[in-house]
Amino acid sequence: MASPLAGPFRRDRFFQLGLLLVGMVVGAALLAQWLAPGGPYTGDPATAYLLPPSLDHLLGTDTQGRDVLTRVIYGARISLAVGIISQVVASLLGVTLGLVSGYYGRRVDALIMRLADVTLAFPTLLLLIAVAAAVNPSLPVVFVVIGVVGWAAMARLVRGQVLVLKGSEYVLAARALGAPDRRILFRHLLPNVRAQVIVAATLGMAGAIMAEAALSFVGLGAQPPTPSWGSMVADGRDLLRVAPWVSFAPGIAIGLAVLGFNLVGDTLREAYDPKLRTER
């Protein structure tokens, strides 16, 4: 049976555009070794130093003689990985703590929500820089740090839904029948907040891509010569007048990837929330 949301999705041009952009990122990440015209780490600075875009190098080359298009394609792997891994971490922490906070309330709720308030009180980027700078900069650390910093927003979202749902008849009936709290949390409440979690995680992937690019830009993310979009933008910031393609290509890639995930997330939010659902 077709989903009742399938029709609105098919008619929504913004969703289709977002899905196309996300598909391009996923395709580039999975098929990089077949799509890329060369290797992401090898180049010839003697003969291919800062070559402008041409038929041989569609997006030009960088200061090491490496093909920019190749590095942009391989950079999609890091951006997709940071989006998926960070949101898995944020969802596991946020959903679990949000369920516990909303269901038990009182002191448990107060403790978890005050911790979330402290996390949200700091500007996200500054908090990421502070945490990432305290440890050895590496991609696994960046993935986990972005996820850990992002748990608070997810927890508050889940908590708000649980506060509404825990007074529902099916929850009260399960409690009256003697169902343990764990069963109520994960068999009755969790499935009913799944849609909101999916939407938040989709939108969070866009934020994670931006966060990784920002950390790599300041040298706290992917380390050279790893082809990260953020570090590629940083490599070309002093060359904007003589070789703008070095920074423009990865910068445009970041913008398109973030736009794609945001469009998909916004459409999912409207589809799952009757108050926001509109006919276009």
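Start by selecting Thr47, which sits in the loop between helices H3 (32-35) and H4; helices here are DSSP runs of H or I with at least four residues, numbered from the N terminus, while strands are runs of E with at least two. This is a predicted model, in which local features need pLDDT of at least 70 and side-chain atom pairs count only at pLDDT 80 or more, while totals for chains, interfaces and linings use all residues. Residues are numbered from 1 along each chain as its sequence is written, and side-chain values use heavy atoms, with hydrogens and water left out.

**The loop between H3 and H4**

With Thr47 still selected, colour by accessibility. At 59% relative accessibility, Thr47 counts as exposed; exposed means over 50% relative accessible area, buried under 20%, and partly exposed in between, with a 1.4 Å probe and protein chains only. Show the side chain of Asp44 as well: a polar contact of 2.7 Å links it to the side chain of Thr47. A polar contact is a pair of N or O atoms within 3.5 Å; within protein, one must be able to donate a hydrogen and the other to accept it, and residues adjacent in sequence count only if both atoms are side-chain atoms. For a sense of scale, add Met205: its C-alpha atom is separated from that of Thr47 by 39 Å, and the two residues are 158 apart along the chain.

Next, pick Leu50, found in the loop between H3 and H4. Its phi is near 50°, a positive value in a residue other than glycine. Is Leu50 buried or exposed? With a relative accessible area of 14%, Leu50 is buried.

**From H4 into H5**

Now select Ser101, in helix H4. At 0% relative accessibility, Ser101 counts as buried. Which residues does Ser101 contact, leaving aside its neighbours within four places in sequence? They are Asp109, Ile112, Met113 and Arg159, where contact means heavy atoms within 4.5 Å. The side chains of Ser101 and Asp109 are also joined by a polar contact of 2.3 Å.

On the way to Asp109, stop at Arg106, which lies in helix H5. Arg106 has a phi near 50°, a positive value in a residue other than glycine. With a relative accessible area of 79%, Arg106 is exposed.

**Salt bridges of H5 and H8**

Go on to Asp109, which counts as buried at 12% relative accessibility. Add Arg159 to see a salt bridge between the two, with the closest N and O atoms 2.6 Å apart. Arg159 lies in helix H8 (residues 151-165) and Asp109 in helix H5 (residues 106-121), so the pair ties together parts that are 50 residues apart in sequence. A salt bridge here is a side-chain nitrogen of Lys or Arg within 4 Å of a carboxyl oxygen of Asp or Glu, and a search of the whole structure finds six of them.

Move along H5 to Arg114 and Asp117, whose side chains meet in a salt bridge (2.9 Å, N to O). Both lie in H5, three residues apart, about one turn of the helix. Arg114 is partly exposed, with a relative accessible area of 47%, and Asp117 is also partly exposed, at 29%.

Keep Asp117 on screen and bring in Arg156: the closest N and O atoms of their salt bridge are 2.8 Å apart. Asp117 lies in H5 and Arg156 in H8, so the pair ties together parts that are 39 residues apart in sequence. Arg156 counts as partly exposed, at 37% relative accessibility.

**The buried sides of H8 and H7**

Show H8 by itself. The buried residues here are Trp151, Ala152, Met154, Ala155, Val158, Val162 and Leu165. Seen down the axis of H8, they fall within an arc of 150°, so they line one face of the helix; the arc is that of the directions from the helix axis to the C-beta atoms. Turn on the partners they pack against: H4 (68-104), H5, H7 (139-149), H9 (169-176) and H10 (181-217).

Then switch to H7, where Val142, Phe143, Val145, Ile146, Gly147 and Val149 are buried. The elements covering them include H4, H5, H6 (124-134), H8 and H10.

**Last stop**

Finish at Pro224 and Pro225, joined by a cis peptide bond with omega of about 5°. Pro225 is in the loop between H10 and helix H11 (229-235).
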